[in-house]
Structures are given as structure tokens and as C-alpha cells.
There are 2 protein chains.
Amino acid sequence: MAGTDHRRESVEGGPAIILVEPQLGMNIGMAARAMANFGLSEMRIVAPRDGWPNIDASKAASGADWVIDGAKLYDTTAEAVADLHFVYATTARIRDMVKQVETPAEAVASIKHRLDLDQKSGILFGRERTGLTNDDIALADAILMAPVNPAFASLNLAQAVLLLGYEWFKLGPLSYGDGAPTGEALAETGLRMPGTRPATKGEVVGFFEHLERELDDSGFLRPPEKRPAMVRNIRNMFHRMAPTEQDIRTLRGVIASLVRQHLRPKPGGKP
Amino acid sequence: MAGTDHRRESVEGGPAIILVEPQLGMNIGMAARAMANFGLSEMRIVAPRDGWPNIDASKAASGADWVIDGAKLYDTTAEAVADLHFVYATTARIRDMVKQVETPAEAVASIKHRLDLDQKSGILFGRERTGLTNDDIALADAILMAPVNPAFASLNLAQAVLLLGYEWFKLGPLSYGDGAPTGEALAETGLRMPGTRPATKGEVVGFFEHLERELDDSGFLRPPEKRPAMVRNIRNMFHRMAPTEQDIRTLRGVIASLVRQHLRPKPGGKP
């Protein structure tokens, strides 16, 4: 394989693989190897427990160095998804949240479809021991769940990455950058967004923070012990809206207007 | 999971997973775990390098003990396949042999088909370092080859087992013996709504009218000639949220709270 340019084998625009607070370097390395097996190259790592770089990760990558070397580090999950348009959260069990659930095969088809529309996707993978927190999941648009034996459902981190990569690769050469244009018929279906684009996660989180600030001021997010669950619930609701960047501007305008409502003189209105 | 009889979750007649001279106990254990993830339980091991039983294998199985404990030992590959009707050999590269080549998805369909005809199948997986010998492969009817990045094709032993198991499980409840509750994970995709129900259109419109009344008061829906388009736009956004009845109550609470925000004393806040 000497002399092979591995990057050329990567699927352009493939989903970002985002490892949230991974604990073992070995698992990071094996995930990188699994990505390389299926032409994925964009790894993002949120606050790895043992720091970075990690020699165990490099060893376990078994030669997938370009994935490890190119990995980007983030302090928080929110920062790691800020530039993405659509985010999946992987989980082995159904959470008590109202959220779209997709299999790996369904998810890669959606990711490819969005890629054709110049929208970038990412997939969150949780900590080995405890998975993703509900706050991580509240940053995602949908849940990704592999069909597994319900009596023995826990997948190793790298194996979860592997299944996703495998399904992605199975989409075939269609998904390669310089390949023939495809999926055109598909591009006509699905959510139509004429004249705008999906909000990035950075824009969405900016709106969330705006709303939550105002709701803190108004006393809605009380008592304090209930605040985290209320915030997650509201974030999940607005995520399901799949807001465009124009929607985000409208929503921020709505909030600002409601908060300042009392400043307006109302002809014949309530005081 | 205490008390669950994992064997009942196994796919009856699933293919035998045959590890030929595996080197690392850890890989045997991880292969067992991958089998358990997808309802496979029949492991056969040909001349494991470090003997048997192997404590590393048991550890790495992460609870898939019934697979490890039930594994059968053989001295030679020929003995391990003697009772089988059809055998696949997994390999990462095309050998100089005239042999049918199938993907995991094709192979599991063939295996299922043969199972319906009471024919039993098995799949050979080679040594970690060197794979299967040509003599091993000569015992097989067909080659099993996962679609992988040609520039980075080597799959870890357990990962190769995982992909096969995954495809097997994806065949669905058809492949389960006793009609046990299966494919449940699959059936649970789509929008999940635990503990609540979609809002009725009456509830949704009630929320719209509430919001629009407040936005009229705050002067947001101006000028008048633009009001109809703005209202339609906002209604479309919230419709995409597919709100539950609980969501509608939350949203109405949010609006009421924002509008009354100025009535709250803010410790150290803006006037």
C-alpha cells in the first residue's frame, strides 16, 4: 500500500464522527481504523479523558494515521457540532424524548441526501461506560440506533462506528466526490427548503441561549433543580422543527418582540 | 437482564462462526460479544494459539458467556466444517481461485435460504495476522468479502464477525425460531413519543392564536400587508415541530412568561 494517498479514498463530505469524552485511547484508535475501512476521515473528539495526543489511540489505529492526526479537539459537544446542519445521537436504548429514530441504513441515506444539498452531517458517539448524556442528545436532530439483539444490546464504541461506516460505504461509488451526479430524483423529495438553508448548530444553539436567558429572567425555568430537564425539553422541541437560518432569525425576533411588548403603547388594549 | 435466557434470543440455525487458529483471546471474546449482539450463538474454534479456555476471551466477551462456554474446539479446519452443508471463507483480498464471491448481505440471504431447506452453513474467519490459508479456503464453497475501502481493507477479526452478524440480524424476525419478540429495535424507529400524544389541530391552532395575539400586541406582525405571510411562515415552522400536547402547554407557558417578564424584579438585572 506504500504510496497510496489514503485521502483520495475518502468519501468527500462523509459525516463527521464525533466521539464525546471517550475514555480509552484504544477505542479511539479502533474507531479511526473502522472509519478508514469505510472511507471516512473526519474525526472530532470532545474532551478525551486521557488527553491528546494519545499513544494508545495511535497504536490501535493500525495505520489509519491520517484519521488520528487529522482529528479535531473540542471542549464541549456544542462546539463540536456548531458548523453542522444535521446531527445524529447514537444510543442503545430508547430515551424518554420525542425524537426521530433511524437505523444506520436509514441514516446514511439521509446523510447522503443532505450532502447533495450541501448540508453537512455529524454523528455523536457517547462515552464507553455511560453513553451520551441527555444534554448531548438534546443537541441532536435524530437518534441513530442499530438493530441489535434486545437481550444483549451494548455495542463497543468502535463497533458502533464500524456499522455506520459500513452502511455509508455500501451506498457505493455514488457517494464519491468525483463520481457521477446521482440521487437527483431523491433531491426532489424530502423537506424542501427553497431560498434558504438549514441553520447550523451554532446558530441553533445561539437561539437556544437567547431564549433560555430570557426565560431565566422571566422566571420560567424554575425551580433550579428542574431547569436542566426543562431546557433539554425545549431544545428537543425546537430541534424537531429543523429550523432554517431564516427561521432562527424569525424566532429571535419573536422573542425580542414578546419581551419588549409592554413598552408599546396599545391603543385601547390592556394596560 | 438478570433471568433473561439469552439462548432464547439466539437465531436458530444461524451460521456457525468458525475462528481458525485465532491468536488473541481478546479477539475471540470480542467476536463472541459481536455474535451475541446479533443473536448468533454457535462458535467453533480451530486450534487457538493460546489454548482453551482462555481468560482473556471470557473477559472481552463482556457477558456473552453462553457463546464462549458453548464454543466447540477442533484440531483442524476440515473437522470444524465436517457437518456443514455450505461454507464461506472470509478474506480481504481476491485470491487466485475460481470461487463465488458474496458480500455479507448476499451471504446471509443465501444462508437463510439454505436454512429453509434444512441445510446448515458456517463461515470461516482467519488468523489475525495472516488470514485463512489457501488450504482453508479450498474447504469453502464461496468467498465472503465485505465492501471496504480498497486502500485500507484490513478488518479486525471481531469486526468481520460483527458485520456478518449485523447483516444476519437485519434479515428480521423471519429468522427467529420461536416467534420471540424480535426486531423490536427495528420496529421502534420513526418518531418516538413516550408518555404523550401528538397535539390535536385544535390545540395547535389555539397556540397559534395565542402567539399571534401577543405578537399583534407587541407590534411584530407589521406592516399589516405582510401579516398574512408572516403568520403562515410562523405556523409552518411550528407545524414542522410536530408538537405533542405537552409541547403545546410548554410553548404557551413560554409565551406567557416572556410577555410578563418585565413584571419580575430582577436582582441586579436590567431595569
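These are my notebook entries on what I looked up in this predicted model.

**Entry 1: chain A as a whole**

I began with an overview of chain A. I find 11 helices and seven strands there. Of the 271 residues in chain A, 56% are buried. I then turned to contacts between residues at least 6 apart in sequence, and in chain A 83% of these join residues at least 24 apart.

**Entry 2: two helices of chain B**

Next I looked at helix α1 (residues 25-37) and helix α7 (residues 157-170), both of chain B. How do their axes cross? They come within 8 Å and cross at roughly 15°. Angles under 35 degrees count as roughly parallel, and α1(B) and α7(B) are therefore roughly parallel to each other. I noted the hand as well: α1(B) passes α7(B) in a right-handed crossing.

I listed who makes the contact. From α1(B) come B:Asn27, B:Met30, B:Ala31, B:Ala34, B:Met35 and B:Asn37, and from α7(B) come B:Leu157, B:Ala158, B:Val161 and B:Leu162. Sorted by class, this contact of α1(B) with α7(B) has eight nonpolar residues, two polar ones and no charged ones.

**Entry 3: aromatic pairs**

Over all chains I get 14 aromatic pairs. I wrote down two of them in detail.

Is the pair of A:Phe152 and B:Trp66 stacked or edge-to-face? The ring centres are 5.5 Å apart and the planes stand at 85°, so this pair is edge-to-face; the cut-off for that is over 60 degrees. The pair also crosses between chains: A:Phe152 sits in the loop between β7 (142-144) and α7 (157-170) of chain A, while B:Trp66 belongs to helix α3 (residues 65-69) of chain B. I checked burial for both partners. A:Phe152 counts as buried at 9% relative accessibility, and B:Trp66 is buried with a relative accessible area of 9%.

My second pair is A:Phe207 with A:Phe238, which is edge-to-face too, at 5.2 Å centre to centre and 70° between the planes. A:Phe207 lies in helix α9 (residues 201-218) of chain A and A:Phe238 in helix α10 (residues 227-240) of chain A, so the pair ties together parts 31 residues apart in sequence. Both A:Phe207 and A:Phe238 are buried.

I also came across a cluster of linked rings. Ring pairs join A:Phe38, A:Tyr166, A:Phe169, B:Phe38, B:Tyr166 and B:Phe169.

**Entry 4: two residues in α7 of chain A**

I picked A:Gln159, which is placed in helix α7 of chain A. Is A:Gln159 buried or exposed? Its relative accessible area is 1%, so A:Gln159 is buried. Which residues does A:Gln159 contact, leaving aside its neighbours within four places in sequence? I find B:Met30, B:Ala34, B:Asn37, B:Ala158 and B:Leu162. I had met these names in Entry 2: B:Met30, B:Ala34 and B:Asn37 are among the α1(B) residues of the helix contact, and B:Ala158 and B:Leu162 among those of α7(B).

My other pick was A:Gly165, again in helix α7 of chain A. A:Gly165 is buried, with a relative accessible area of 0%. Setting aside its neighbours within four places in sequence, A:Gly165 is in contact with A:Phe38 and A:Leu40. I recognised A:Phe38 as one of the residues in the ring cluster. Last, I took one C-alpha distance: A:Gly165 and A:Arg252, 87 residues apart along the chain, are separated by 37 Å.

Terms used:
Residues are numbered from 1 along each chain as its sequence is written. Chains are lettered from A and ligands numbered from 1 in the order in which they are written. This is a predicted model: local features need pLDDT of at least 70, side-chain atom pairs count only at pLDDT 80 or more; totals for chains, interfaces and linings use all residues. Side-chain values use heavy atoms; hydrogens and water are left out. Axes are lines fitted to C-alpha atoms, for helices over the stretch in contact, and angles run from 0 to 180 degrees between N-to-C directions. Helices (H or I, at least four residues) and strands (E, at least two) are DSSP runs, numbered from the N terminus. Angles under 35 degrees count as roughly parallel, over 145 as roughly antiparallel, 65 to 115 as roughly perpendicular and the rest as oblique. A crossing is left-handed if the near helix is turned anticlockwise from the far one by less than a right angle, and right-handed if clockwise. Contact means heavy atoms within 4.5 Å. Ala, Val, Leu, Ile, Met, Phe, Trp, Tyr, Cys and Pro count as nonpolar, Asp, Glu, Lys and Arg as charged, and the others, Gly among them, as polar. Rings of Phe, Tyr and Trp (its six-membered ring) pair if their centres lie within 6.5 Å; planes under 30 degrees apart count as stacked, over 60 as edge-to-face and the rest as tilted. Buried means under 20% relative accessible area, exposed over 50%, partly exposed in between (1.4 Å probe, protein chains only).
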